[in-house]
Amino acid sequence: MALVTQHQIQKFHKDGFLVLEHFFTAEECDSMRNQIQRIVAEMEVPPHCRTEFSTKEEEQLQAQGSSDYFLTSGDKIRFFFEKGVLDERGNFLIPKEKSISKIGHALHAYDPVFKQITHSSKVQELGRKLGLERPVVVQSMYIFKQPGIGGEVTPHQDATFLHTEPLGRILGFWIALEDATQENGCLWFIPGSHTSGITRRMVRAASGTSTCVEFVGSEPAYNNSQFIPLPISKGGLILIHGEVVHKSELNSSESSRHAFTFHVMEAKDTSWSKENWLQPTPELPFPSLYT
């Protein structure tokens, strides 16, 4: 069967998102979940998570260590935790595999399982169907959305964080590795909200400032009733336009909602903002999606 129909592509352009159920097999999903289990088993807690602070200055150093860890994660496989899961010595208060919020941002480059999924022939074919000429992969994340504590993600546009000139060059691929439901924190979208640009940008702060990034502009107050939920079953793929407004709620259920997601930029006639937190490095220039 056709991977994606012309009608579906039109729907993507109209809504700013597209649901493709069962795009990946259960086996592909399980291979990603098994691989992440291995990565977590071998994980060492980052040093900045281990600081006990007694002075304001130590607290600032810890915040700086934390922000450096984030800012330099574009070409590494790094760990980000839910709030309150570590004590001040960096010991886990709950099992470590239940403590992680996400792993990023270069699984697609350095892990064989995630690299294979990202560059799989069906993803490449989908890119071609969407008319992408020179797509490059800019980042990837494994998101856990832990039961009970998997925090809400407030309404946002991906282009706020991944800015390009011109806009409209960022595309997210969001893969459900488990069924995503309204109970465990599926994505919600405002259909058609991708056509009026962006109102907020996250930029690298001037060096020497206490925070590593700052926001320019602000997110408008969205009307909650405009959002529609997109529950999707394991193996489903959601295509996300860089400017469509989306969110997810707190996972209040007893089951996790694992997802693997990566972002692609159409590099043809596009410039990546030097102010984005994420920058290509000599070690890892943005790799072509097409192999």
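This is a guided tour of one predicted model, stop by stop, with what to select and what is there.

Residues are numbered from 1 along each chain as its sequence is written, and side-chain values use heavy atoms, with hydrogens and water left out. Because the model is predicted, local features need pLDDT of at least 70 and side-chain atom pairs count only at pLDDT 80 or more, whereas totals for chains, interfaces and linings use all residues.

**The four-stranded sheet**

Select strands 5, 13, 8 and 11, which in that order form an open, antiparallel sheet; strands are DSSP runs of E of at least two residues and helices are runs of H or I of at least four, both numbered from the N terminus, and two strands pair if DSSP finds at least two bridges between them. Strand 5 (153-156) and strand 11 (228-230) stand at the edges with a single partner strand each, so one side of each has no neighbour in the sheet. Neighbouring strands are turned by 25° against each other on average, direction ignored, the axes being lines fitted to C-alpha atoms, with angles that run from 0 to 180 degrees between N-to-C directions.

Now narrow the selection to residues 187-189 and 246-248, where strand 8 and strand 13 pair in the antiparallel sense over three bridges. Within this pair, L187 stands opposite S248 of strand 13.

**Two cysteines**

Select C186 next. The structure holds zero disulfides, a disulfide being a pair of cysteine sulfur atoms within 2.5 Å. For C186, the nearest cysteine sulfur belongs to C29 and is 17 Å away. C186 counts as buried because its relative accessibility is 1%; buried means under 20% relative accessible area, exposed over 50%, and partly exposed in between, with a 1.4 Å probe and protein chains only.

Moving to C212, the nearest cysteine sulfur is that of C49, 14 Å away, and C212 is likewise in no disulfide. With a relative accessible area of 13%, C212 is buried.

**An arginine in helix 6**

Select residues 121-129 to show helix 6, in which R128 is found. R128 has a relative accessible area of 48% and is therefore partly exposed. If R204 is then added to the selection, the C-alpha to C-alpha separation from R128 is 33 Å in space, while the two are 76 residues apart in sequence.
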